[in-house]
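The following paragraphs lead the reader through the structure shown here, beginning with a single helix and its surroundings and ending with the contact between chains.

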Amino acid sequence: MPGSAYSSVSAGDLAGRTARLMAYVLLAVVLMTLDFRGRHVERARALAFSLAEPIFLVVESPFRFAVSLRDNVRDYQVLLAERDQLERALRESEARQLLLGELVEENAEMRELLDASLRLDSRFLTAELRNIDLNPYSHRVFINRGLRHGVRPGLAVIESAGVVGQVDQVATRSATVILLSDPDHALPVRVQRTGLRTIGYGSGRIDELRLTDLPMNVDLEPGDVLVTSGLGGRFPAGLPVAEVAEVQRPSGEAFAVAKARPLARLGSIRQLLVIELEAPGPLPGVVPVAGDDAVDEISEDEP
Amino acid sequence: MSGRNQGSSLLLLTLALGFALTLMPLPTVVEPARPYWVAMILVYWNLETGRLRFLGQAFVLGLLLDLMTGTLLGQHALGLVILVFLLERFRNRIRFFPPWQQAMAVFVLLLNERIIQLWVILLGGHGWPVWTWWLAPVIAMLLWPWLFLLIDALRRRQRLLRS
């Protein structure tokens, strides 16, 4: 009879249960420490992530259905207006691209003159956020591109306003992207105005990056724009990252610190671009097969 | 023994629904106040049928949640194990509470769970959560009687269908 079996809890029972509680608590704490410090459970996590992918897809399906339903019943006139607007935007960016094309050529010639070898070609892959909310404290988003589309861990992810983060875990049709704001994330940046190179650390808050270890006499002002320096080898150089919001020079400390606001709308992004960097090959025209090892060796921006 | 097996499918179904509700997209403003669905469903089955009473079960559920929501491995597991332990301590009392008093008990359990989570979040260097984050146990308390009645009704229907 199930009713009588657990009607009363004896003292011995309680002691045993407390002991088991302690064991589980200890196990949980050890797991968390391993996960936080050494990332020893990374492989298990990656495996579990790809196993869990179908569940994510099932959970997402009703929302995908709702979105497609909404798309189907949208007003014809609204769509026409939207198309006109997009066409205008396209023409504008085409014009801008023409100018840029010339600059690219000029730049290439200059680089040749300078004998600069570091030149990274990149391809873009558009991605969209899946309708899945991950825990806000995990600083990760879930995108609808995966191994099948050529996404690999460590690829840079941007949106129209700036850098978003990099790919963390990859499954067949989806991947998670670790945001700039994660406390574990560090990104080599350059101050656009002065050319000063430093590192932008995630602060754990979605609207803040931290620059630490700045010299006290640093030439940095609120409003300065930070761009990627390309030093990690994962991000192409020159992508906008953040805008400096505040510079502090605490007396008695050895270094100045600054806070910056990410330019990408990390909290409300939907459309993303994954950048596939091709590592600088030994010969032009030779496409590296994976290009992964070379990138990994010089990377500083491990998530 | 047949009484134990009966409703296994319903248990799995409610847990699956709990997971789906956990992953369901919500606007950013109300997102932190999302009630802890899996814990509420766990408490229901524990109180009403005496299932999911083992600490190990809570631990595994918590690990699953960690993997799903991308938190530190063990964060949800820690909270759920402590919750099940406390629930077991006071189970015989809570079981015979009227629904509103039971809701209060659920509130206290979930508030305690939030405090444990806060500890992990602060240790992880994430800073203080927004104030709406503390609304989650309150919302869970308000939802509790309805969830209770819903699963009760489902169980009764299933029993009728079986017989």
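Two residues are taken to be in contact if their C-beta atoms, placed from the backbone, lie within 7 Å. The model is predicted, and the description below starts with helix α7 of chain B.

Helix α7(B) runs over residues 135-162 of chain B. Its 28 residues should span 40 Å at 1.5 Å a residue, and because its end C-alpha atoms are 40 Å apart, the expected and modelled spans agree. The helix nevertheless bends by about 45 degrees at Leu143(B), and Pro145(B), a proline, follows within four residues. The buried residues of α7(B) are Pro137(B), Ala140(B), Met141(B), Trp144(B), Leu147(B) and Ile151(B). The cover over these buried residues includes α2 (8-23), α3 and α6 (99-123) of chain B.

One of these covering helices, α6(B), comes within 8 Å of α7(B), axis to axis, and the two cross at roughly 140 degrees. This crossing of α6(B) and α7(B) is right-handed. On the side of α6(B), the residues that meet α7(B) include Trp100(B), Met104(B), Phe107(B), Leu110(B) and Arg114(B). Their counterparts in α7(B) include Pro137(B), Ala140(B), Met141(B) and Trp144(B), each of which is also a buried residue of α7(B). Pro145(B), the proline that follows the bend, takes part in the contact with α6(B) as well. By class, the contact of α6(B) with α7(B) has 16 nonpolar, 1 polar and 1 charged residues.

Helix α3(B), another part of the cover over α7(B), also packs against α5(B). Residues 37-49 form α3(B) and residues 75-94 form α5(B); their axes lie 10 Å apart at an angle of about 35 degrees. The crossing of α3(B) and α5(B) is right-handed. From α3(B), the contact draws on Ala39(B), Leu42(B), Val43(B), Asn46(B) and Leu47(B), while α5(B) contributes residues including Leu80(B), Leu83(B), Val84(B) and Arg91(B). In this contact of α3(B) with α5(B), 9 residues are nonpolar, 1 is polar and 1 is charged.

Chain A has a secondary structure of 5 helices and 12 strands. Of its 303 residues, 29% are buried. Among contacts in chain A with a separation of 6 or more, 59% join residues 24 or more positions apart.

Finally, the two chains meet: 35 residues of chain A are in contact with 33 residues of chain B. Helices α2 (11-38) and α3 (42-72) of chain A each supply at least two residues of the side that touches chain B. The largest share of that side, 11 residues, comes from α2(A). The residues on this side of chain A comprise 21 nonpolar, 7 polar and 7 charged.

Technical notes:
Residues are numbered from 1 along each chain as its sequence is written. Chains are lettered from A and ligands numbered from 1 in the order in which they are written. This is a predicted model: local features need pLDDT of at least 70, side-chain atom pairs count only at pLDDT 80 or more; totals for chains, interfaces and linings use all residues. Ala, Val, Leu, Ile, Met, Phe, Trp, Tyr, Cys and Pro count as nonpolar, Asp, Glu, Lys and Arg as charged, and the others, Gly among them, as polar. Axes are lines fitted to C-alpha atoms, for helices over the stretch in contact, and angles run from 0 to 180 degrees between N-to-C directions. A crossing is left-handed if the near helix is turned anticlockwise from the far one by less than a right angle, and right-handed if clockwise. A residue is buried if 20 or more other C-beta atoms lie within 10 Å of its own, exposed if 12 or fewer, and partly exposed in between; C-beta atoms are placed from the backbone. The expected span of a helix is 1.5 Å times one less than its number of residues. The bend at a residue is the angle between axes fitted to the seven residues ending there and the seven starting there.
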